[in-house]
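Colleague: Please take me through one part of this model, strand by strand and residue by residue. Keep it brisk, and stay with the atoms.

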Amino acid sequence: MDRIALKKQLQEEGLIILPGFFDPALIGQIQTAAKAIFDIQFNRFGITGDYLSQMQSLFENHLEEFIACGKMIQSGLIELYQLAVNPELMSLLKDLGLSHPLMCTRPVLFFNHPSLAKSEHFYKTPLHQDWTSMLASDDSVVVWLPLMDLDIAHGPVVFYPGSHKLGPLTDRIENGFAEVDFDRTSYPRVQKAMKLGDIAIFSTLLVHESGVITNDEIRWSCHFRYTNMEDPTFIKNGFPHPYIYKPSQELIDKYLHKNS
């Protein structure tokens, strides 16, 4: 499908899925780099076994280190940030209508499984829209991609094409998500098995949710969020940016022993 047709599909359905957009080897490097961060703590604690059992052991016995590994990956995994500004991806976004794309949040990398979460929303996102948490341009998009071959048992994202035309459905954020009251039967349901290298691009107003994980594998994926700096409404609104990144004084105190 040519890019003019893709742009029209994105406008009409709020979703396009592009098989084989990236070289699988390039995407595979991201999961390898992410796992290498966890491997450092596995080696420190002498944790062995298959990868899921290693992750479970770190999560159950060394939660602070487990969380810290996640933070390191999110805040500075070089391979993840390189992909987010990949020239081919930037060219595609411009062809889809984002004349001046800009990342409006940090890249996010997910490693989801029920046994690696304290509550469901940490591994299975509810029905939600991304736009409310971003306040981005009207044509802002999310680029989501698996970091492994995913079948339905891995619980890949469930999309509801056309729901983006409803506009923002909530003004509240709960547990990090703009959860929405939405009738699943009122729109088509799209959930695709996806291969390494495939990408999904969808409107930040599109209603979506995680699928159900029914196997014993961690679901590795990532997403990038882009706004259009030349969108008239975004300009008129003064470029709002609701995310706050700041250091934790509690953590600083802990490691400088001020609470001892």
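Modeller: Leu-102 has Thr-227 in β10 as its bridge partner. Keep in mind that this is a predicted model. The bridge belongs to a strand pair: β2, residues 101-103, and β10 run antiparallel and share three bridges.

Stay with Thr-227 for a moment. Thr-227 sits in strand β10. Its relative accessibility is 1%, so Thr-227 counts as buried; the cut-off for buried is under 20%. A polar atom of the Thr-227 side chain lies 2.9 Å from the backbone nitrogen of Ser-137. Setting aside neighbours within four places in sequence, the contacts of Thr-227 include Leu-98, His-100, Pro-101, Leu-102 and Cys-104. Ala-136, Ser-137, Ser-140 and Phe-234 are also in contact with Thr-227.

Now widen the view to the whole of β10. The strand covers residues 219-228. Of its 10 residues, 10 are buried. In a regular strand the side chains alternate between the two faces of the sheet. In β10, Arg-219, Ser-221, His-223, Arg-225 and Thr-227 point one way. Trp-220, Cys-222, Phe-224, Tyr-226 and Asn-228 point the other way. Both sets are buried.

β10 has further partners. Strand β3, residues 108-112, runs antiparallel to β10, and five bridges join them. Val-108 has His-223 as its bridge partner in β10. Strand β5 also pairs with β10 in the antiparallel sense, over six bridges. Two positions show the register. Val-142 has Arg-225 as its bridge partner in β10. Leu-145 stands opposite Cys-222 in β10.

Follow β5 next. This strand spans residues 141-146, and six of the six are buried, so β5 is largely enclosed by the rest of the structure. Its two faces are both covered. Val-141, Val-143 and Leu-145 are buried on one side. Val-142, Trp-144 and Pro-146 are buried on the other. β5 also pairs with strand β8, residues 199-203, again in the antiparallel sense. That pairing has four bridges. Within it, Trp-144 stands opposite Ala-200 in β8.

Go back along the chain to the loop ahead of β5. Leu-135 lies in the loop between α7 (131-134) and β5. Its phi is near 55 degrees, a positive value in a residue other than glycine. Most residues other than glycine have a negative phi. Leu-135 counts as partly exposed because its relative accessibility is 30%.

Phe-239 also takes a positive phi, about 55 degrees, and is not a glycine. Its place is the loop between α8 (232-236) and α9 (249-255). With a relative accessible area of 39%, Phe-239 is partly exposed.

On to the loop that leads into β10. Asn-215 lies between β9 (208-209) and β10. Its relative accessible area is 17%, so Asn-215 is buried. The Asn-215 side chain makes a polar contact with the side chain of His-154, at 3.3 Å. Leaving out neighbours within four places in sequence, Asn-215 is in contact with His-113, Asp-151, Ala-153 and His-154.

One more loop residue gives a contrast in accessibility. Glu-174 is in the loop between β6 (158-159) and β7 (178-179). Glu-174 counts as partly exposed because its relative accessibility is 44%. Its C-alpha atom is separated from that of Ser-203 by 20 Å, and the two residues are 29 apart along the chain.

Last, the helices. Helix α1 covers residues 3-13, and Asp-2 caps its N-terminal end. A side-chain oxygen of Asp-2 lies 3.1 Å from the backbone nitrogen of Ile-4. Just after α1, Gly-14 takes a positive phi of about 75 degrees.

Helix α3 (residues 51-61) and helix α4 (residues 63-76) have axes that come within 5 Å and cross at roughly 120 degrees. That crossing makes α3 oblique to α4. From α3, the contact uses Met-55, Leu-58, Phe-59 and Asn-61. From α4, Leu-63, Glu-65, Phe-66 and Cys-69 meet them. By class, the contact of α3 with α4 has six nonpolar, one polar and one charged residues.

How values were computed
Residues are numbered from 1 along each chain as its sequence is written. This is a predicted model: local features need pLDDT of at least 70, side-chain atom pairs count only at pLDDT 80 or more; totals for chains, interfaces and linings use all residues. Side-chain values use heavy atoms; hydrogens and water are left out. Buried means under 20% relative accessible area, exposed over 50%, partly exposed in between (1.4 Å probe, protein chains only). Two strands pair if DSSP finds at least two bridges between them. Axes are lines fitted to C-alpha atoms, for helices over the stretch in contact, and angles run from 0 to 180 degrees between N-to-C directions. Angles under 35 degrees count as roughly parallel, over 145 as roughly antiparallel, 65 to 115 as roughly perpendicular and the rest as oblique. Contact means heavy atoms within 4.5 Å. Ala, Val, Leu, Ile, Met, Phe, Trp, Tyr, Cys and Pro count as nonpolar, Asp, Glu, Lys and Arg as charged, and the others, Gly among them, as polar. A polar contact is a pair of N or O atoms within 3.5 Å; within protein, one must be able to donate a hydrogen and the other to accept it, and residues adjacent in sequence count only if both atoms are side-chain atoms.
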